[in-house]
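User: Could you take one part of this structure, a sheet together with the helices that pack against it, and walk me through it slowly? I am in my first year, so please explain the terms as you go.

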Amino acid sequence: MLRSFRVQLAVRFALTMLVVIAGVGVAATWSLRVILQRELDATLLQLAEVEVLAGASTSGPDFTFHEGVLLARTRLPSSELTRYGELWDAEGVPVVRSANLGDRDLPLPATAMAEARRGVPGLATHTWGADRLRSLVYPLRLVGAMHGSHYLQVAAPLAPLDAVIWRFAGLVAVLGFTGAAAAFGGAWFFARLATRPAEQIAAQAQAIEAGTLSAHITAHAEVVEYASLVAVLNAMLDRLRAAFDAQRRFVADASHELRSPLTVMRGDLDVALRRDRSVEELRAVLARMREEVDGMTALAGNLLLLARADAGLPASALGEVDLADVVDRVVARSAGPAEAAGVVLTAAAQSAPVHGDAALLDRAVGNLVENALKHAPRGARVAVRCAAAGGVATLEVEDGGPGIAPEHAEHVFERFYRADPARGRDAGAGLGLPIARAIAEAHRGALVLARATPGALFRLTVPLAGGG
Ligand SMILES: Nc1ncnc2c1ncn2[C@@H]1O[C@H](COP(=O)(O)OP(=O)(O)O)[C@@H](O)[C@H]1O
Ligand SMILES: [Mg+2]
């Protein structure tokens, strides 16, 4: 299931915005409520003091409210400015009411009354039927001893204050949803901007094919966030192109190598067919053709071997192989050719168990020894050594020949490369070293020309079995 980065980004952005605005909104609404209530409490205290001072000259039931100050004369509808007043005696018996109360008493909140009895104005929020009220109970003894036993209660309906707070909360909610919607839109737009380069890079990459591998991706290569992606893709293209070119060269060379003997055979056949030939003559032609066919068979075998080594080792052929055994076998096999070439072949093989394919390793070592014997002059030495150290099996083949000239040294591992084509048929196809290296690499090892002159020294390394 594909997920859209754009939708995700926009949704997360909008939700974040909503949460932030909701948090700010709740805090702001709460603060507004506290501020408005303090304001209301201050007006209640002020009102109580005004009424108390105005009525201080009278006492008890003669106390009169200044109704003009308790602004709203009727009880309903309660407005922001509606205030009620009631005078109580020490026992909590009503003495005088403001006109807008009619014949109803205000509920006297016990907590506020208790404070007033202690001599300080007491505040409380309480209900009155369906309404909510904020009340202040003021002890009259604060203004005169003769009023010592009376308490003035002034009250304001909380509905107008609540209405303001709800209106404000509604506004915040509208702002919140509008902000979230705007955030969603903005994120949608910017996500498009942010992802468009990736689409353009992908489009350029898609246009590159086998034939146009030399092309590079240029889109957004100068943008910090995309430069590394573009660089990685271009590096991958370079590697692909190099591998592709090598493969193309390999196929061309292989075709060429296979065609040469065919051309020779074709020429022999033409000559043989030009006139009647004796049985001996025909026999000689067939013998030459047989040689060519052997050569082609060997070449085809080598090509197959390279292809297999390139593809990696098949698990079925893998096992524990002691390189020392491989060396022993190769040296035993080469004793005859070495003697024929007048070369002294020596072996010093220490046990070096590796995990691999015995036949392939045999082939790699065989190729190195074969080259050494081919290039070492009469009387020279060829030494094969094998040892295990530091988790690595090391095999060296050193010869007392002329070695390899520097201009050839860097190419001898290339497929079909021959340093001395003058050697003609004897020189081989130039696949011996590439095959040996491919085998080493298939074993997670390496083959290097450790010393080019005087006398070539090839070093093959493979990780030891069981060790790191
Ligand atoms: N021990 C060596 N001494 C000198 N030259 C060598 C030696 N081994 C390889 N070479 C050079 O490297 C080239 C590539 O070797 P190789 O891949 O085995 O191809 P081939 O043996 O088929 O020519 C050879 O043509 C040869 O000139
Ligand atoms: Mg060779």
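Analyst: Before the helices can be placed against the sheet, one term is needed: two residues are in contact if their C-beta atoms, placed from the backbone, lie within 7 Å. Please keep in mind that this is a predicted model.

With that in hand, helix α2, which covers residues 110–117, lies across β3, β4 and β5, and it runs at about 155° to β3. To see what those strands belong to, consider the sheet itself, which is open, has 5 strands in the order β2-β1-β5-β4-β3, and is paired in the antiparallel sense. Because β2 (94–97) and β3 (122–128) stand at the edges and each has a single partner strand, one side of each is left without a neighbour in the sheet. On average, neighbouring strands of this sheet are turned by 25° against each other, direction ignored. As background, strands of a sheet pair through backbone hydrogen bonds, and this pairing can be either parallel or antiparallel.

The two ends of the sheet can now be taken in turn. At one edge, β3 pairs with β4, the strand of residues 131–139, in the antiparallel sense over 7 bridges, and within this pairing Thr127 has Arg132 in β4 as its bridge partner. At the other edge, β1 and β2 run antiparallel and are joined by 3 bridges, with Glu86 finding its bridge partner, Arg97, in β2. β1 and β2 also form a hairpin with 4 residues between them, and Gly92, in the turn, has a positive phi of about 85°.

A second helix also belongs to this picture. Helix α1, residues 5–55, packs on the sheet and touches β1 (84–89), β3, β4 and β5 (150–157), while its direction makes about 140° with that of β5. Helix α1 has a helical partner as well, for the axes of α1 and α3 come within 7 Å and cross at roughly 160°. Since angles over 145 degrees count as roughly antiparallel, α1 is therefore roughly antiparallel to α3. The crossing of these two helices, α1 and α3, is right-handed, and their contact has 26 nonpolar, 6 polar and 3 charged residues.

From α3 the path leads on to another helix. Helix α3 (residues 159–207) packs with helix α4 (residues 224–273) at an angle of about 10°, and their axes are 11 Å apart; that angle makes α3 roughly parallel to α4. In this contact, Pro197, Ile201 and Ala205 of α3 meet Tyr226, Leu229, Val230 and Leu233 of α4, and by class the contact of α3 with α4 has 7 nonpolar residues, with no polar and no charged ones. The loop between α3 and α4 contains His220, a residue that has a positive phi of about 55° although it is not a glycine. For comparison, most residues other than glycine have a negative phi.

To gather the part you asked about: the sheet follows the order β2-β1-β5-β4-β3, helix α2 lies across β3, β4 and β5, and helix α1 packs on the sheet while touching β1, β3, β4 and β5.

Technical notes
Residues numbered from 1 in each chain as written. Chains lettered and ligands numbered in written order. Predicted model: local features only at pLDDT ≥ 70, side-chain atom pairs only at ≥ 80, totals over all residues. Pairing = 2+ DSSP bridges. Axes fitted to C-alpha atoms, helices over the stretch in contact; angles between N-to-C directions. Parallel < 35°, antiparallel > 145°, perpendicular 65-115°, else oblique. Nonpolar A, V, L, I, M, F, W, Y, C, P; charged D, E, K, R; others polar. Left-handed = near helix turned anticlockwise from the far one by under 90°.
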